[in-house]
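Welcome! Take a moment to turn the model around on your screen before you read on. The notes below will help you find your way.

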Amino acid sequence: MTTIRREVLTLPAAPLGPDNPLPPLRPLDEAHRIDDRDRADLPRDMARQVDYEPLRSLLPAQVRDGYDRKRAPSGLDALVIENDRLRATVLPALGGRIASLHHKPTDRELLYVNPVLQPANFALNGAWFSGGIEWNIGATGHTTLSCSPVHAARVPAPDGGQMLRLWEWERLRDLPFQVDLWLPEGSDFLYVGARIRNPHERPVPTYWWSNIAVPEDRRVLAPADEAWHFGYERRLRRVPVPEYDGIDRTYPLNSTYAADYFYEVPDGQRRWIAALDADGHGLVQTSTDLLRGRKLFVWGTGPGGRRWQEWLTEPGTGGYCEIQAGLVRTQLEHVKLEAESEVSWLEAYGPLDASPDGDWHTVLRRAEDRLAAALPRSDVDAAYDAWRPCADTEPGERLATGSGWGALEVLRAGWKLPGTPFDEDTLGAPQRPWLHLLRAGSLPEPEHHEPPGGTLVARPWRDMLETTAATPLAEYHLGVAQWHGDDRAQAVRSWERGLKSAVDRWPLLRCLAVADQEDGHHERAADRYAEAFDDLCVRRTEVAEDEGWAAVTAALGREAIGALLAVGRTADARTVWERLDAATRARGRFRLAEGELLAAEGRHEQARAVFDENFEVADLREGADSIGLLWARLDEAPLPARYDFRMWPGGE
């Protein structure tokens with residue numbers, strides 16, 4: 001009999017800290033971009049989907065960079081679904097991640113289970129952590145919901161037992177989605193029914209990849225003879241499987257550098273991917289045919305890949321790779337979801353025993369035969385057909401609460417979304433000013449000079465902002481929405497209008513400074529950053545200190561120092577640095593900024609000494625080279641291993 005229960009998972013965890021209060025106005029820093037030289041050789045459908053509305057902006061989401069690397073034992077709310085064969089542990093406050101999938105008869109863990117919770121800068125909006133099975137929706141990259149809560153509830157399963165439903169509102173594309181988990185009695189496979197809905201009267205680009213972390217000492221099998229190889233040098237090319245460049249790449253530890261391998265699974269072929277250890281034991285994932293893509297991601301054995309593996313967990317623990325399943329061939333593509341339509345599919349996860357060694361096609365045939373015996377393809381299709389009528393079933397007992405953004409959108413548009421209720425009682429403080437705009441037609445002024453908070457940028461909200469009273473706060477939010485809509489001249493005009501009567505000038509000045517930088521007016525941007533930081537410091541003296549004010553001061557100070565150094569104004573950058581509080585200056589990101597400031601001042605020995613203090617930039621971006629570039633200016637010696645996060649040949 002399947003049961004669902006609450007548990008508390010205790011492990012060392014670094015707190016997430018506050019989100020960055022500054023709106024992310026700059027183009028999205030996303031590594032998955034194709035070199036134009038490779039476009040001509042792409043299949044026509046792939047080329048069309050690569051060019052179909054890739055995400056350009058993180059708005060309306062905010063950057064999550066307030067975490068550090070100081071871990072302490074913490075209790076995480078977990079939901080456990082199990083039958084007599086499998087036990088799945090789900091983390092509803094962390095994107096609905098499946099943290100563990102344990103096969104009870106063999107006492108084997110089928111996933112890579114991270115022994116710590118360490119946020120790192122891999123999600124589209126920053127904070128992400130490794131391990132388990134994550135549900136990536138929105139756009140190319142790890143979802144903005146990686147470290148955010150989702151709604152969860154009990155729902156009747158297709159076989160009459162219990163099902164765990166997860167659902168939330170994905171804000172980058174404004175789409176609701178759900179994930180239903182159930183374990184039929186006696187089954188060795190966890191079933192996952194997934195659905196994305198487009199309630200809008202226009203098509204919307206969508207994206208999905210189920211990302212499964214497994215130990216890297218495996219052989220990864222997928223029914224393909226070719227794959228699309230994509231590395232951090234941003235080249236996409238078709239390569240043979242299993243051997244490429246004389247090396248069998250289906251063994252993750254055979255690769256030196258981090259890379260994606262998107263398998264070219266032939267049409268009509270059953271969709272599956274497996275990772276098996278040397279004894280032939282491991283995990284298999286299969287699905288209905290709609291979930292077309294299969295992928296292997298490897299970190300590689302090079303120093304950068306190993307450093308990232310250590311960075312994401314405890315040194316000395318085993319490494320991992322990722323096997324994934326998505327809607328299209330590669331993660332560089334997006335799919336058109338037609339107006340007022342939906343897309344759904346079924347996945348299954350369970351143990352597989354098959355020899356991984358030998359001739360590629362022989363190995364694949366053996367694995368497919370064992371999969372067919374354990375879970376016939378027809379059973380997956382039948383499970384999907386049985387689940388579809390249950391997808392609209394209203395949830396029963398609520399087990400976890402997500403955000404209030406879905407409730408706000410449902411109130412605005414009056415949508416009916418059977419099976420995924422976004423109830424009004426989930427509205428919270430982040431939604432309160434927007435609810436006031438929706439109902440009263442105006443934005444309430446923040447109390448005590450508080451930072452203005454996040455901005456809603458979808459066209460209906462922008463229309464409301466254009467018709468509300470033109471207060472400085474409304475002009476600020478309108479400008480952010482216009483900027484997101486690529487109406488940059490209007491955005492600048494809105495911010496300049498707001499500035500004329502604003503008491504709190506720094507939010508508008510900072511937006512104008514970013515606009516200046518994007519337009520190449522770096523001196524004016526530096527002036528505006530300096531003025532914005534001065535104004536912010538004045539406001540901070542007038543209010544009680546809290547975590548939010550510390551976060552905005554750190555964020556604005558960091559940007560101001562960078563802008564001032566870019567135009568050679570080292571004395572002004574030093575003035576900003578000295579006005580930051582001691583706790584902020586001690587953070588790794590700011591130790592790196594201090595090294596850059598010292599180097600700009602010509603104090604190279606002191607800048608070099610910063611490296612001897614073993615700072616850690618907690619929010620170092622995947623693929624970033626800022627540490628290596630500064631080191632190269634200061635020392636001719638090789639970059640120390642602890643600072644070496646380079647992910648590709650010749651990376652700095």
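Here is a short tour of a sheet, some helices and a few aromatic rings.

Please keep in mind that this is a predicted model. We begin with an open sheet of 9 strands, move on to a helix that packs on that sheet, and then look at helices with buried faces and at the aromatic pairs, of which the structure holds 23.

**The sheet**

- The strands follow the order β15-β21-β22-β26-β12-β11-β10-β9-β27, and their pairing is antiparallel.
- At the edges you will find β15 (219-221) and β27 (398-400); each has a single partner strand, so one side of each is left without a neighbour in the sheet.
- From one strand to the next, the twist averages 20°.
- Strand β9 (residues 151-156) pairs with β10 over 6 bridges, in the antiparallel sense; here Val155 has Met163 of β10 as its bridge partner.

**A closer look at β11**

- Strand β11 has two antiparallel partners: 7 bridges link it with β10, and 6 bridges join it to β12.
- Two bridge partners to look for are Trp169 and Pro176, the latter in β11; across the other pairing, Phe177 stands opposite Ile196 in β12.
- The connection between β10 and β11 is a hairpin with 4 residues between the strands, and Asp174 in the turn has a positive phi of about 60°.
- In a regular strand the side chains alternate between the two faces of the sheet.
- In β11, Leu175, Phe177, Val179 and Leu181 point one way, while Pro176, Gln178, Asp180 and Trp182 point the other way.
- Of the 8 residues of β11, 8 are buried, so this strand is largely enclosed by the rest of the structure.

**The helix on the sheet**

- Helix α4 (residues 377-387) packs on the sheet, touching β10, β11 (175-182), β12 (190-198), β22 (281-287) and β26 (341-353).
- The direction of α4 makes about 135° with that of β26.
- Is Asp379 of this helix buried, exposed or partly exposed? Asp379 is partly exposed, because its relative accessible area is 36%, and buried would mean under 20%.

**Helices with a buried face**

- An α-helix has 3.6 residues a turn, so residues three or four places apart point the same way.
- In helix α7 (residues 459-467), the buried residues are Trp461, Arg462, Met464 and Leu465. Seen down the axis of α7, they fall within an arc of 160°, so they line one face of the helix.
- Those buried residues of α7 pack against α5 (405-413), α6 (432-440) and α8 (472-484).
- Helix α9 (residues 488-501) has Ala491, Val492, Ser494, Trp495, Gly498 and Leu499 buried. Their arc around the axis is only 160°, which puts them on the same side of α9.
- The neighbours that the buried residues of α9 pack against are α8 and α10 (506-518).

**Aromatic rings**

- One of the aromatic pairs is Trp169 with Trp415, which is stacked, at 5.8 Å centre to centre and 20° between the planes. Trp169 lies in strand β10 (residues 162-170) and Trp415 in the loop between α5 and α6, so the pair ties together parts that are 246 residues apart in sequence.
- Trp169 and Trp415 are both buried.
- One aromatic cluster includes Tyr112, Phe122, Trp128 and Trp311.
- Over the ring of Trp311 sits the charged end of Arg69, 3.6 Å from the ring's centre.
- Arg388 lies over the face of Trp387, at 5.8 Å from the ring centre.

Terms used: Residues numbered from 1 in each chain as written. Predicted model: local features only at pLDDT ≥ 70, side-chain atom pairs only at ≥ 80, totals over all residues. Heavy atoms only, no water. Buried < 20%, exposed > 50% of the residue type's maximum accessible area, 1.4 Å probe, protein only. Arc of directions from axis to C-beta. Contact = heavy atoms within 4.5 Å. Phe/Tyr/Trp six-rings, centres within 6.5 Å; stacked < 30°, edge-to-face > 60°. Lys NZ or Arg CZ within 6 Å of the ring centre and 35° of its normal. Pairing = 2+ DSSP bridges. Axes fitted to C-alpha atoms, helices over the stretch in contact; angles between N-to-C directions.
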